[in-house]
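Work through the exercises below with the model open beside you. Try each task before reading its solution.

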Amino acid sequence: MSSLESVRRPALSAEVIARLRERITSGDWPVGSRIPPEPELMTRLQVARGTVREAVRALAHAGLLDVRQGDGTYVRAVSELSGAVERLYGGSDIGLVLEVRQALDLQAARLAAIRAEEADLTVLEGALRRRRAAWDERDFDAWLAADWEFHLGVADAAHNPLLAELYRNLSGPVRESVAGSWTDPDYQGANPGGHEDLLLALRERDPVEAARQADANLTDTHDWHAVRSPRGTGS
């Protein structure tokens, strides 16, 4: 884990920005989490309040942080690209998000069925165990984190760094598209279709079935939202 060590070199603001950005991009501060308050950052970095504020403003401008007056500062995105995507397309119509996911999810599933290593499958199994447990316990944050970990894990298992990076940078809109379903009493967040069934297809090295399961999951999600939207396609 990276550490927030004392900053002693010139160009303090740039150095503080780099330190904070590292904590975000490394996952030490996940998307949606609140970063330490100003006094704690000042103590840990041994810099003045103005330097901390300047760094936070810069990262907020880049889209990585979200400053909420009276509440704190939260991680909004893991990179400048994902921050730009979040600013431009966060809250987009669910249909648009699902169309993009169809392009990425199906290809990721196909490639993962061919290239996934045992370690990748172990990660996916663990994510699904946590997803099922969180659903049973009605723990929304844990369920959403595990669901995202599974989908991102499939992209990672494709062993195409560019595809995985594109998927990772869509985290905001994708997570929002999933999160919006939670409060509906008819939503079946523990449905094995598209998840356990997809993992089985990956284990069986069947790219056609893996893509079919990924497609079925997205189709079900689209249809589920369509009947609940006055326009038929929106969230």
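Four exercises follow, on a model that is predicted.

**Exercise 1. Fold outline**

Task: State how many helices and strands the chain has, and give their order.

Solution:
- Step 1. Count the elements: the chain has 11 helices and 2 strands.
- Step 2. Read from the N terminus: the order is α-α-α-β-β-α-α-α-α-α-α-α-α.
- Step 3. Add the burial: 45% of the 235 residues count as buried.

**Exercise 2. The link between α2 and α3**

Task: Find which residues the salt-bridge network with Glu38 joins, and classify Glu38 as buried, partly exposed or exposed.

Solution:
- Step 1. Start with Arg49. Its salt bridge to Glu38 has the closest N and O atoms 2.7 Å apart. Arg49 belongs to helix α3 (residues 49-61) and Glu38 to helix α2, so this pair ties together parts 11 residues apart in sequence.
- Step 2. Turn to Arg53. Its side chain also meets that of Glu38 in a salt bridge, at 2.6 Å from N to O. Arg53 lies in α3 and Glu38 in α2, so parts 15 residues apart in sequence are tied together.
- Step 3. Check accessibility. The partly exposed class runs between 20% and 50% relative accessible area. Glu38 has 22% and is partly exposed. Arg49, at 37%, is partly exposed. Arg53, at 41%, is partly exposed as well.
- Step 4. Combine the pairs. Shared partners join Glu38, Arg49 and Arg53 into one network.
- Step 5. Contrast Leu41, which sits in helix α2 (residues 38-45). Leu41 is buried, with a relative accessible area of 1%. Its C-alpha is 10.0 Å from that of Arg53.

**Exercise 3. The largest nonpolar core**

Task: Identify which residues have the most contacts inside the largest nonpolar core, and which helix supplies its largest share.

Solution:
- Step 1. Size the core: it has 34 residues. Those with the most contacts inside it are Leu124, Phe150, Val154, Leu198, Leu202 and Ala210.
- Step 2. Assign the helices. α5 (94-115), α6, α7 (140-157), α8 (161-168), α10 and α11 (207-226) each supply at least two residues.
- Step 3. Find the largest share: α5, with 10 residues.
- Step 4. Inspect α10 (residues 196-203). Glu196, Leu198, Leu199, Ala201 and Leu202 are buried there. Just after α10, Arg205 takes a positive phi of about 60°.

**Exercise 4. A charged surface patch**

Task: Name the residues that gather in the patch of negative charge, and decide whether Asp136 is buried or exposed.

Solution:
- Step 1. List the patch: Asp136, Glu137, Asp139 and Asp141.
- Step 2. Place Asp136: helix α6 (residues 118-137).
- Step 3. Apply the cut-off: exposed means over 50% relative accessible area. Asp136 has 62%, so it counts as exposed.

Notes: Residues numbered from 1 in each chain as written. Predicted model: local features only at pLDDT ≥ 70, side-chain atom pairs only at ≥ 80, totals over all residues. Heavy atoms only, no water. Patch = residues over 30% accessible without salt bridge, like charges linked within 9 Å, V, L, I, M, F, W, Y side chains within 5 Å. Areas by Shrake-Rupley, 256 points an atom, 1.4 Å probe, with all protein chains shown as cover. Salt bridge = Lys/Arg side-chain N within 4 Å of Asp/Glu carboxyl O. Lys, Arg positive; Asp, Glu negative; His and termini not counted. Charge placed at Lys NZ, Arg CZ, Asp CG, Glu CD. Helix = DSSP H or I, 4+ residues; strand = E, 2+ residues; numbered from the N terminus. Buried < 20%, exposed > 50% of the residue type's maximum accessible area, 1.4 Å probe, protein only. Core = buried A, V, L, I, M, F, W, Y, C linked by side-chain atoms within 4.5 Å.
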